[in-house]
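Got the model open in your viewer? Here is a tour, one selection at a time.

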Amino acid sequence: MTAAHHPTVGDVFSAGADQFHRWSPLLWDPIGEATAAAAAPAPGERVLDACCGAGASALPAARAVGPEGTVDGVDLAGALLDIATDRARREKLDNVRFHRHDVTAWPAPDGGYDLVQCALGVFFFPDMDRDTTALTRLLRPGGRLAVTVWEKDALGDWRRALRAAVESERDWPDSPQSTRLARIETADGLAGWLAGLGLGDARVEQRRLDVPLSPATAWELVVGGRTRTLLDGLSPEAVERVRAAFTSRLDSASVTDLDVRILIGTAHT
């Protein structure tokens, strides 16, 4: 990788795919199950799972819509899509297909989708309003959108420990994802944002999970997602110092659980 190369979101998540997927049973799958439960895909429906990753919400949607329904999972991270495809194959879910594509340029099937769902993805879009609006245009009249986001202060102890450790080696960078998320990280903010997109009957559910955390799994979460970019450009020795400082701070604060809080917003066209 040259200094001029800027990895895409797909590059980043593909690079950390193994570590990402090790968190699937503890974190991503429960969040995906909660997203699909709130979205309530029905037998025979057509579903688009945007930013589908390793299939955490696409697979429960495929189970729900049954053999007469279809699910398209779309993401830019090829390595995660390979995992999702393998998981679907193991479950013999023939009604779900995974595609490497920019979901904001994905075409609607004839008649549109009944449901578009996006778990922990909209704040990665370059223009959150414009690109989510593009997703709503894929819906049939009366179709519905389900969006899951982190609630304010979610993962707080983990994030604070990581920031302090990173700042021992470099400045903490500004994050456009954090700026976008700040607009929708409360129930009122998310509901208002969905209404502002021209959607009706916006509703928001709060879900909370307490997930066991160890020094090893805490670090896997760092390198298995977008936060791995915080280590870009650091020497191996500096990365190890960040890891040691991070896990030391978690240990000194007796952090043994990951405070997972999510908001799931649903609305109709």
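Start by selecting the buried residues of H7: they pack against helix H10 (215-223), helix H11 (236-252) and strand S7 (257-268). To pick them out by number, take Gly-156, Trp-158, Ala-161, Leu-162, Ala-165 and Val-166. Bear in mind as you click around that this is a predicted model.

While H7 is still highlighted, try a quick ruler check. The helix runs over residues 156-167, and at 1.5 Å a residue its twelve residues should span 16 Å. Its end C-alpha atoms are 16 Å apart, so the model agrees with the expected value. Now look down the helix axis. An α-helix has 3.6 residues a turn, so residues three or four places apart point the same way.

Next, move across to H10. Which of its residues are buried? Select Ala-218, Trp-219, Glu-220, Leu-221, Val-222 and Val-223; note that a glutamate, Glu-220, is in that set. The cover over these residues includes helix H2 (17-22), helix H3 (24-39), H7, H11 and S7.

**Along S7 and over to S5**

Strand S7 has come up twice, so stay there and select Thr-266, which sits in this strand. Is Thr-266 buried or exposed? Its relative accessibility is 18%, and since the cut-off for buried is under 20%, Thr-266 counts as buried. Show everything it touches beyond four places in sequence and you get Ala-38, Leu-145, Ala-146, Leu-194, Asp-201, Ala-202 and Arg-203.

Two of those contacts are worth a stop of their own. The first stop is Leu-145, in strand S5 (residues 139-150). With a relative accessible area of 1%, Leu-145 is buried. Leaving out residues up to four places away in sequence, Leu-145 touches Val-116, Thr-132, Thr-136, Leu-139, Leu-194, Leu-199, Gly-265, Thr-266 and Ala-267. Put a distance monitor from the C-alpha atom of Leu-145 to that of Ala-202: it should read 9.4 Å, for a pair 57 residues apart along the chain.

The other stop is Asp-201, found in strand S6 (residues 200-212). Check its backbone: phi is near 55°, a positive value in a residue other than glycine. Asp-201 is partly exposed, at 42% relative accessible area.

**Another positive phi**

Where does Ser-254 lie? Look in the loop between H11 and S7. Ser-254 has a positive phi of about 55° although it is not a glycine. With a relative accessible area of 57%, Ser-254 is exposed.

**Pro-60 and Thr-70**

Now go to helix H4 (residues 58-65) and select Pro-60. Pro-60 counts as buried because its relative accessibility is 8%. Its contacts, setting aside neighbours within four places in sequence, are Gly-32, Glu-33, Ala-36 and Gly-55. For another distance monitor, pair the C-alpha atoms of Pro-60 and Leu-93, which are 33 residues apart along the chain and separated by 10 Å.

From there, jump to Thr-70 in strand S2 (residues 70-75). At 36% relative accessibility, Thr-70 counts as partly exposed. Beyond residues up to four places away in sequence, Thr-70 touches Glu-45, Arg-46, Val-47, Val-65 and Asn-95. Stretch a monitor from Thr-70 to Arg-180, 110 residues apart along the chain, and the C-alpha separation comes to 31 Å.

**A pocket to surface**

Switch to a surface view for this one. Rolling a probe the size of a water molecule over the atoms shows where empty space is left. The second largest pocket holds about 210 Å³ of space. What lines the second largest pocket? Twelve residues do, and Ala-15, Arg-228, Thr-229, Leu-231 and Asp-232 lie nearest the centre. Helix H1 (residues 9-15) gives the largest share of this lining, with three residues. Colour the lining by residue class and it divides into seven nonpolar, two polar and three charged.

**Last stop: colour by confidence**

Finally, colour the chain by pLDDT. The protein averages 95, and 98% of the residues score at least 70. Then select residues 1-5, where the pLDDT is below 50. Beyond near neighbours in sequence, that stretch has one contact in the model.

Methods
Residues are numbered from 1 along each chain as its sequence is written. This is a predicted model: local features need pLDDT of at least 70, side-chain atom pairs count only at pLDDT 80 or more; totals for chains, interfaces and linings use all residues. Side-chain values use heavy atoms; hydrogens and water are left out. Helices (H or I, at least four residues) and strands (E, at least two) are DSSP runs, numbered from the N terminus. The expected span of a helix is 1.5 Å times one less than its number of residues. Buried means under 20% relative accessible area, exposed over 50%, partly exposed in between (1.4 Å probe, protein chains only). Contact means heavy atoms within 4.5 Å. On a 1 Å grid over the protein atoms alone, a cavity is a set of points where a 1.4 Å probe fits but cannot get out, and a pocket is an open set with protein on both sides within 12 Å along at least five of seven lines; lining residues have an atom within 4 Å of a point. Grid points are joined across faces, edges and corners, and a volume is the space filled by probe spheres set on the points. Ala, Val, Leu, Ile, Met, Phe, Trp, Tyr, Cys and Pro count as nonpolar, Asp, Glu, Lys and Arg as charged, and the others, Gly among them, as polar. pLDDT is the predictor's confidence in each residue, from 0 to 100.
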